[in-house]
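This report looks at how helices pack and how charged side chains pair in one protein model. Please keep the sequence and the coordinates at hand while reading.

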Amino acid sequence: MIVFPRLLSDLLDQIAPSRAAHLALDFTQHVLDLERAETEEPVLDACLGFVAAAHEAIDLGETRTRYTRARERLSEVGMRWKGHRYDVAKGAELVLRAARVGTERLEDRAAGRGPSTPLHCRDVARELQAEAGRWYAKRAPADADERLVARGARWEEARWQVQHVIATQPGHVLPGGDNGVSGSGGGN
C-alpha cells in the first residue's frame, strides 16, 4: 500500500530548498482554493497577492518592496481585534506560515539578524493536510463520522501534494535527480 504522507516526506527531503519553498506556497494556495468561498474577499485577495510576492522573493533571493508591501497588506486585512487580542484570519495564518519556508532567512538577512531555523516544507504540508481534514469534517453530513471524513480528507490532500510534487519536479523525484526525464522540471 502506498502511504502518501510518507512518500511525500521522502520526496520533499530530496528537493532543493528553493523548490521546497515554492511547493509550500503551492500547497497553501491549494487549501486557500478549497476554502475560497468562506474566506473574506480582502483577506483572500491579500493572501493570493502575498503568495505571488513570496514566490518572486524566493526567485530573487531577497525580499523586495513588492514582498514587503504584500506582507503589510496581508497583516492589515488578516488581523482582527477580538476581545482583548488580535486574531489572524485562517487564510492569512496559513500563507504567512508557508512563506516562512523560503523567506525567513531572506527576512533575517534584510533585517541584519542572524539566521533562524527555517520551517520545513514537510511541516507545512502536514499542517495543510490537517486543515483540509478539519474543513471537510466541519461540513460532513450529520450522519457521517467526522473522524473518518477528516482522515479521508487528510489522505486526499497528501495524495494531491504528492501528485503536485511529481508533476512539477519530474527531474528530481528520484535520488540523484536523474529519472530519465530531460529538462529542469519546475514550474509553479
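Does glutamate 104 count as buried or exposed? In this predicted model, glutamate 104 has a relative accessibility of 17% and therefore counts as buried, since the cut-off for that class is under 20%. Its salt-bridge partner is arginine 100, which is partly exposed at a relative accessible area of 30%. Both glutamate 104 and arginine 100 belong to helix H5, where four residues, about one turn of the helix, separate them.

The count of salt bridges comes to 14, and the table lists three of them, with the N to O distance and the relative accessible area of each partner.

| Acidic residue | Basic residue | N to O distance |
|---|---|---|
| glutamate 104 (17%) | arginine 100 (30%) | 3.3 Å |
| aspartate 123 (27%) | arginine 126 (46%) | 3.7 Å |
| aspartate 145 (32%) | arginine 147 (65%) | 3.3 Å |

Aspartate 123 and arginine 126 both lie in helix H6 (residues 121-138), three residues apart, whereas arginine 147, the partner of aspartate 145, counts as exposed. Through shared partners, salt bridges also join Lys90, Glu131 and Arg134 into one network.

Helix H5 (residues 90-111) also packs against helix H4 (residues 65-78), at an angle of about 150° and with the axes 12 Å apart. Because angles over 145 degrees count as roughly antiparallel, H4 and H5 are described in that way, and the crossing of H4 past H5 is left-handed. On the H4 side the contact is made by Tyr67, Arg71, Leu74 and Gly78, which meet Ala92, Val95, Leu96, Thr103 and Glu107 in H5; these contact residues divide into five nonpolar, two polar and two charged.

Conventions
Residues numbered from 1 in each chain as written. Predicted model: local features only at pLDDT ≥ 70, side-chain atom pairs only at ≥ 80, totals over all residues. Heavy atoms only, no water. Axes fitted to C-alpha atoms, helices over the stretch in contact; angles between N-to-C directions. Helix = DSSP H or I, 4+ residues; strand = E, 2+ residues; numbered from the N terminus. Parallel < 35°, antiparallel > 145°, perpendicular 65-115°, else oblique. Left-handed = near helix turned anticlockwise from the far one by under 90°. Contact = heavy atoms within 4.5 Å. Nonpolar A, V, L, I, M, F, W, Y, C, P; charged D, E, K, R; others polar. Salt bridge = Lys/Arg side-chain N within 4 Å of Asp/Glu carboxyl O. Buried < 20%, exposed > 50% of the residue type's maximum accessible area, 1.4 Å probe, protein only.
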